[in-house]
Amino acid sequence: MLRAIYPGSFDPVTYGHLDIMERSSKIVDELVVGVLNNNAKMPLFSVEERVKMLKEVTAEFDNILIVPFNGLLVDFAKKMEAELIIRGLRAITDFEYELQMSQTNHKLCPGVETMFLTTSIEYSYLSSTTVKEIAAFGGDTSQFVPEVVRKGLKEKMKVKRSV
């Protein structure tokens with residue numbers, strides 16, 4: 001059985017992320033979506049909120065598992081008994097960073113490989129940061145994120161504006 005990890009902060013999850021998840025789930029037997037709790041960042045959504053949203057938007061996939069993690073990705077991969085890390089690439093700048101990370105991960109854990117999937121053209125410009133910026137200014141995010149995420153963004157921005 002081939003188990004892969006698709007790691008990210010998913011703050012928030014976008015249609016670009018879901019595209020990579022859907023395509024990956026067709027390649028592997030089980031896809032573990034690792035939701036990173038990165039103490040160095042101040043996420044808009046808590047890990048619990050991100051996990052909940054991801055579970056909701058991936059409910060139709062029977063081979064996708066949503067699991068929060070912190071620490072090194074290779075340690076998480078070992079814990080989950082995954083042989084493969086999946087990373088999405090939007091542009092050359094993504095590749096340069098991801099290549100360096102994959103080589104470092106392979107040095108730390110030679111038994112875990114990295115596979116890159118290029119983002120589908122319709123999502124190549126899309127990032128969580130852009131979505132948050134649009135939401136912060138009251139813009140329509142419906143073409144970028146699922147409904148549950150859009151509602152969550154509206155609520156978070158309402159709270160931010162009232163502070």
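Two strands pair if DSSP finds at least two bridges between them. With that in hand, here are some views of this predicted model.

**View 1. Strands β2 and β3 lie side by side as a parallel pair.**
Strand β2 covers residues 30-36 and strand β3 covers residues 64-69, and six bridges join the two. To find your place, look for V35, which stands opposite P68 in β3. Helix α2, residues 47-57, joins the picture too: β2, α2 and β3 make a β-α-β unit that is right-handed.

**View 2. The whole protein chain, for orientation.**
Six helices and five strands make up the secondary structure of the protein chain. Starting at the N terminus, the elements follow the order β-α-β-α-β-α-β-α-β-α-α. The radius of gyration is 16 Å, close to the 15 Å that the globule rule gives for 163 residues, so the protein chain is as compact as a globular protein of that length. Along the principal axes, the C-alpha atoms fill a box of roughly 50 × 30 × 30 Å. Buried residues come to 46% of the 163 in the protein chain. Among contacts with a separation of 6 or more, 75% come from residues 24 or more positions apart.

**View 3. The largest nonpolar core has 33 residues.**
In soluble globular proteins, nonpolar side chains tend to be buried together. Within this core, F10, V13, M21, L31, V33, L54 and L153 touch the most other members. At least two residues come from each of β1, α1, β2, α2, β3, β4, α5 and α6. Helix α2 gives the most, with five residues. A second, separate core holds 13 residues, including V32, L73, M80 and A82.

**View 4. A closer look at F10 and its contacts.**
Which residues is F10 in contact with, leaving aside its neighbours within four places in sequence? They are H17, M21, V33, G34, V35, R50 and L54. Two of these, V33 and V35, fall within residues 30-36, the span of strand β2.

**View 5. Two of the four aromatic pairs.**
F69 and F76 are stacked, at 4.3 Å centre to centre and with 10 degrees between the planes. Both rings belong to buried residues: F69 has a relative accessible area of 9%, and F76 has a relative accessibility of 4%. Y125 and F144 meet edge-to-face instead, at 6.2 Å centre to centre and with 75 degrees between the planes. Y125 sits in the loop between β5 and α5 and F144 in the loop between α5 and α6, so this pair ties together parts that are 19 residues apart in sequence. Y125 is partly exposed at 49% relative accessibility, whereas F144 is buried at 10%.

**View 6. I20 in helix α1.**
Is I20 buried or exposed? I20 is buried, because its relative accessible area is 2% and the cut-off for buried is under 20%. Leaving aside neighbours within four places in sequence, I20 is in contact with Y6, I86, G88, L117, T118 and T119. The C-alpha atoms of I20 and L117 are 7.2 Å from each other, although the two residues are 97 residues apart along the chain.

**View 7. T119 in the loop between β5 and α5.**
T119 counts as buried, at 13% relative accessibility. Not counting residues up to four places away in sequence, T119 touches D19, I20, R23, L89, R90 and S124.

Conventions
Residues are numbered from 1 along each chain as its sequence is written. This is a predicted model: local features need pLDDT of at least 70, side-chain atom pairs count only at pLDDT 80 or more; totals for chains, interfaces and linings use all residues. Side-chain values use heavy atoms; hydrogens and water are left out. Helices (H or I, at least four residues) and strands (E, at least two) are DSSP runs, numbered from the N terminus. A crossover is right-handed if, with the strands pointing away from the viewer, the path from the first strand over the helix to the second runs clockwise. A nonpolar core is a set of buried Ala, Val, Leu, Ile, Met, Phe, Trp, Tyr and Cys residues joined through side-chain atoms within 4.5 Å. Buried means under 20% relative accessible area, exposed over 50%, partly exposed in between (1.4 Å probe, protein chains only). Contact means heavy atoms within 4.5 Å. Rings of Phe, Tyr and Trp (its six-membered ring) pair if their centres lie within 6.5 Å; planes under 30 degrees apart count as stacked, over 60 as edge-to-face and the rest as tilted. The radius of gyration is taken over C-alpha atoms; the globule rule is 2.2 Å times the number of residues to the power 0.38.
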